[in-house]
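Below are some notes on the model you sent, set out as numbered points. They begin with the overall layout and then turn to the ligands, the helix packing and a few single residues.

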Amino acid sequence: MLTLRRIINCANLAFMDTQASTRARYSRIAMLLHWLIAISVIVNWRIAEAGEHAAKAEKEAIMANHFALGMVVLILTVLRIAWRLGNKPPPLAMHLKAWEVALARVTHSLFYILLIALPLLGWVAMSSYGQAIDMFGLFDWPVLPVAKDVDLAGTIFDVHGVLGSAMILLIGLHLLGVIKHLFIDRDGNLFRMLPFGKVKS
Ligand code: HEM
Ligand code: HEM
């Protein structure tokens, strides 16, 4: 009888542990979108850098990829935000200090703002040039109905460049957070965004 009760208790504990770690993790769709966006943004940053240092002849082709991948990031981000609105993300870990919660909230919000603003500004600027974005030779992204204004387009791209650099700094900060939680706090925070590993809620 005692053994049977022990077995039932163990099964209950295992079930509760699975439930707790499910609540501590993002959903599979959120994870998929997070990693697709993260990889696309990092690749797009490297493409922009390559374009800036390329000779004039190659620059155009390289930057065409930056424009197209940027619009893919816009689509993925709209999907991510829509999913987030319909599917509540897990609450931030209970053991985080107040400043960590504040910093995480600010960083994540700024990410979403930049993920929308960067491609949107690029789209408006291209439209002000009167030029469509070639989506990897598959189709043309529509031009916005804005007046042709080459000076304005140049200014918007300058702002885009500054915000692009801000995005890189933010990624650095985000990564420092991941490294701190992984090696100093050892709380398994990284695994909230992965379908495996142990998470401390
Ligand atoms: C989420 C998507 C995007 C990200 C993360 C991003 C990021 C960046 C970064 C990091 C730079 C280099 C900044 C520098 O070092 O000066 C840059 C430059 C640039 N990007 Fe984007 N970009 C995105 C989407 C787009 C789109 C959709 C367009 C156009 C349709 C575009 C057009 C440009 C141009 C023309 C430059 C050169 C700007 C300059 O410094 O004069 N980008 N971008
Ligand atoms: C490079 C572009 C990246 C962007 C734009 C980005 C963006 C974001 C955003 C917006 C969130 C908040 C999710 C939400 O609550 O809706 C988040 C969470 C997270 N990211 Fe990233 N991320 C990037 C790269 C990375 C990398 C490279 C790692 C790991 C090595 C990482 C690990 C995480 C983790 C573990 C969380 C969950 C934080 C928590 O809620 O405790 N991210 N990321």
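1. Helices here are DSSP runs of H or I with at least four residues, strands are runs of E with at least two, and both are numbered from the N terminus. On that basis the chain reads α-α-α-α-β-β-α along its sequence, which comes to 5 helices and 2 strands. Please keep in mind that this is a predicted model.

2. On burial and contacts, the chain has 201 residues, of which 14% are buried. Among contacts with a separation of 6 or more, 67% join residues 24 or more positions apart.

3. Ligand 1 is surrounded by 24 residues, and the closest are Ala48, Gly70, Gly122, Gly161 and Gly164. Two or more residues of this shell come from each of α2 (28-53), α3 (56-86), α4 (98-128) and α5 (150-185). The largest share belongs to α5, with 8 residues. By class, the shell around ligand 1 holds 15 nonpolar, 8 polar and 1 charged residues.

4. Which residues are closest to ligand 2? They are Ala38, Pro89, His108, Phe111 and Met193, out of 19 that surround this ligand. The elements giving two or more residues to the shell around ligand 2 are α2, α4 and α5. Here α2 gives the most, with 5 residues. The shell around ligand 2 divides into 13 nonpolar, 4 polar and 2 charged residues.

5. Next, the packing of α3 on α4. Their axes come within 9 Å and cross at roughly 135°. The two helices are therefore oblique to each other, and α3 passes α4 in a left-handed crossing. On the α3 side the contact is made by Phe67, Gly70, Met71, Val73, Leu74, Thr77 and Ile81. On the α4 side it is made by Tyr112, Leu115, Ile116, Leu118, Pro119, Leu120, Gly122, Trp123 and Met126. The contact of α3 with α4 has 13 nonpolar residues, 3 polar and no charged. Gly70 and Gly122 take part in this contact, and both are also listed among the closest residues to ligand 1.

6. The packing of α4 on α5 has an angle of about 155°, with the axes 9 Å apart. Angles over 145 degrees count as roughly antiparallel, so α4 is roughly antiparallel to α5. The crossing of α4 past α5 is left-handed. The residues of the contact of α4 with α5 comprise 18 nonpolar, 6 polar and no charged.

7. Is Asn44 buried or exposed? Asn44, which is found in helix α2, counts as buried because it has 22 C-beta neighbours inside 10 Å, and the cut-off for buried is 20 or more. Not counting residues up to four places away in sequence, Asn44 touches His66, Leu69, Gly70 and Val73. From Asn44 to Ala68 the C-alpha distance is 9.4 Å, for a separation of 24 residues in sequence.

8. Ile133 is found in strand β1. Ile133 has 19 C-beta neighbours inside 10 Å and so counts as partly exposed. Leaving aside neighbours within four places in sequence, Ile133 is in contact with Phe67, Ala68, Met71, Trp123, Met126, Asp140 and Trp141. Of these, Phe67, Met71, Trp123 and Met126 are also among the residues that make the contact of α3 with α4. The C-alpha atoms of Ile133 and Gly122 are separated by 9.6 Å, with their positions 11 residues apart along the chain.

9. Two backbone angles deserve a look. Most residues other than glycine have a negative phi. Phe136 is not a glycine, yet its phi is positive, about 50°. Phe136 lies in the loop between β1 (133-135) and β2 (139-141) and is exposed, with 11 other C-beta atoms within 10 Å.

10. The second of these is Arg186, another residue other than glycine with a positive phi, near 50°. Arg186 lies in the segment after α5. Arg186 counts as exposed because it has 9 C-beta neighbours inside 10 Å, where the cut-off for exposed is 12 or fewer.

Key
Residues numbered from 1 in each chain as written. Chains lettered and ligands numbered in written order. Predicted model: local features only at pLDDT ≥ 70, side-chain atom pairs only at ≥ 80, totals over all residues. Near = placed C-beta within 6 Å. Nonpolar A, V, L, I, M, F, W, Y, C, P; charged D, E, K, R; others polar. Axes fitted to C-alpha atoms, helices over the stretch in contact; angles between N-to-C directions. Parallel < 35°, antiparallel > 145°, perpendicular 65-115°, else oblique. Left-handed = near helix turned anticlockwise from the far one by under 90°. Contact = placed C-beta atoms within 7 Å.
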